[in-house]
Amino acid sequence: MNSGFIIISMADLLTDEEFEKFRKVIYDESGITFSATNRSILDSRLKERLRDKKLDSIEDYYKLIISNKEEMKVMLDSVTTNLTRFFRNQPHFDALVNYVIPHVLEEKKKTGNTVVKVWSAGCSTGEEPYTIAMILKDILPAPYTFQITASDLSLKSLMVGQKGYYPTSRIGGIPEKYLSRFFTKIGDGYQVKKELMDTIRFDYHNLKHDSGARNLDIVFCRNVLIYFDEPAQLTVINHFWDSLAPHSYLFIGHSESLFGMKTKFEFLKTEWACLYQKNST
């Protein structure tokens, strides 16, 4: 190890052997798959970690993550992509408002339960769970309330979501009625108001593992499954099944599909968007 700053040339690419070692450990730890097409992303992110840790070689860094669980988390954080925005893919939220919530409330009436439970899995920097929270604040009639759990593999992203402060460039897409009601303009950005922040619990979670949550009404896991191979996808989907209530709903990305996978979820095509439902006794 050097005490000075290490300069790593962009020409110093991972060898095939090193690529396979990191690809395997990332897959084993998180289920995320790196292929030859996104190898350059892995390479650049690992170079950043070597610079930060002032290490001389990829092998030194590999030994570090194997022996240090905290650095393993940091590494997994660094190699994930966090692309999101408020009200991303509006048809999903139209389906939430016009189809899913009415049906969820019908089930709630049968049991007397007044709390709608939602999980935003792979929430990135929080735009998705805050979007859901704004909608539910707006449309849920008394006496119904809601709880949202927002989870991600990226600790840095979760910290952004917990702070709830977004630069002006990031708040595009938020309807004015929501922006004025749920945000306060501060400096060059907007701060989410406490009444909305209090409805969301941000939590670190690796989707490879069961979250332990049960009887959820709605799960959003959009544009996350594309980073997993089919066996890992099936593991994640089965965890969602276990987490959801007998009559509940799953949203995945518009470019993702459970077609061909042996799951218990039923495909649901609404007037607004396609999603999946759990109907179980």
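Let me start with His 92, which is buried, with a relative accessible area of 3%, in a model that, I should say at once, is predicted. His 92 has its place in helix 5, the helix that covers residues 90-111. If we set aside the neighbours within four places in sequence, the residues in contact with His 92 are Arg 222, Phe 251, Ile 252, Gly 253, His 254, Ala 273 and Cys 274.

From there I would like to turn to the sheet. It is an open sheet of seven strands with mixed pairing, and the order of the strands is 6-2-1-7-8-10-9. Which strands stand at the edges? They are strand 6, residues 200-204, and strand 9, residues 266-269, and because each of them has a single partner strand, one side of each is left without a neighbour in the sheet. Ignoring direction, neighbouring strands of this sheet are turned against each other by 25 degrees on average.

Two of the strand pairs deserve a closer look. Strand 1, residues 115-121, and strand 2, residues 145-152, run parallel and are joined by seven bridges, and within this part of the sheet Ser 120 stands opposite Ala 150 of strand 2. Helix 6, residues 127-139, packs on the sheet, where it touches strand 1, strand 2, strand 6 and strand 7, the last of these being residues 216-221, and the direction of helix 6 makes about 175 degrees with that of strand 2.

The other pair is strand 9 with strand 10, residues 274-279, which run antiparallel and are joined by four bridges. These two strands form a hairpin, with four residues between them, and the bridge partner of Glu 266 is Gln 277 in strand 10.

Let me now go to Thr 199, which is found in the loop between helix 9, residues 194-197, and strand 6. Is this residue buried or exposed? Thr 199 is buried, with a relative accessible area of 14%, the cut-off for that word being under 20%. Not counting residues up to four places away in sequence, Thr 199 touches Ala 133, Lys 137, Phe 146, Gln 147 and Ile 148. As for Ala 133, its C-alpha atom and that of Thr 199 are separated by 7.1 Å, although the two residues are 66 residues apart along the chain.

I will finish with the helices that come earlier in the chain, and with two packing arrangements that both involve helix 3. The axes of helix 1, residues 16-30, and helix 3, residues 58-67, come within 11 Å and cross at roughly 20 degrees, and these two helices are therefore roughly parallel to each other. Their crossing is left-handed. On the side of helix 1, Glu 18, Lys 21, Phe 22 and Val 25 take part, and they meet Ile 58, Glu 59, Tyr 61, Tyr 62, Ile 65 and Ile 66 in helix 3. The residues of this contact divide into seven nonpolar, no polar and three charged.

Helix 2, residues 39-53, packs with helix 3 at an angle of about 80 degrees, and their axes are 10 Å apart, which makes helix 2 roughly perpendicular to helix 3. Here Leu 46, Arg 49, Leu 50 and Lys 53 in helix 2 meet Ile 58, Tyr 61 and Leu 64 in helix 3, and the residues of the contact divide into five nonpolar, no polar and two charged.

How values were computed. Residues numbered from 1 in each chain as written. Predicted model: local features only at pLDDT ≥ 70, side-chain atom pairs only at ≥ 80, totals over all residues. Heavy atoms only, no water. Axes fitted to C-alpha atoms, helices over the stretch in contact; angles between N-to-C directions. Parallel < 35°, antiparallel > 145°, perpendicular 65-115°, else oblique. Left-handed = near helix turned anticlockwise from the far one by under 90°. Contact = heavy atoms within 4.5 Å. Nonpolar A, V, L, I, M, F, W, Y, C, P; charged D, E, K, R; others polar. Pairing = 2+ DSSP bridges. Buried < 20%, exposed > 50% of the residue type's maximum accessible area, 1.4 Å probe, protein only.
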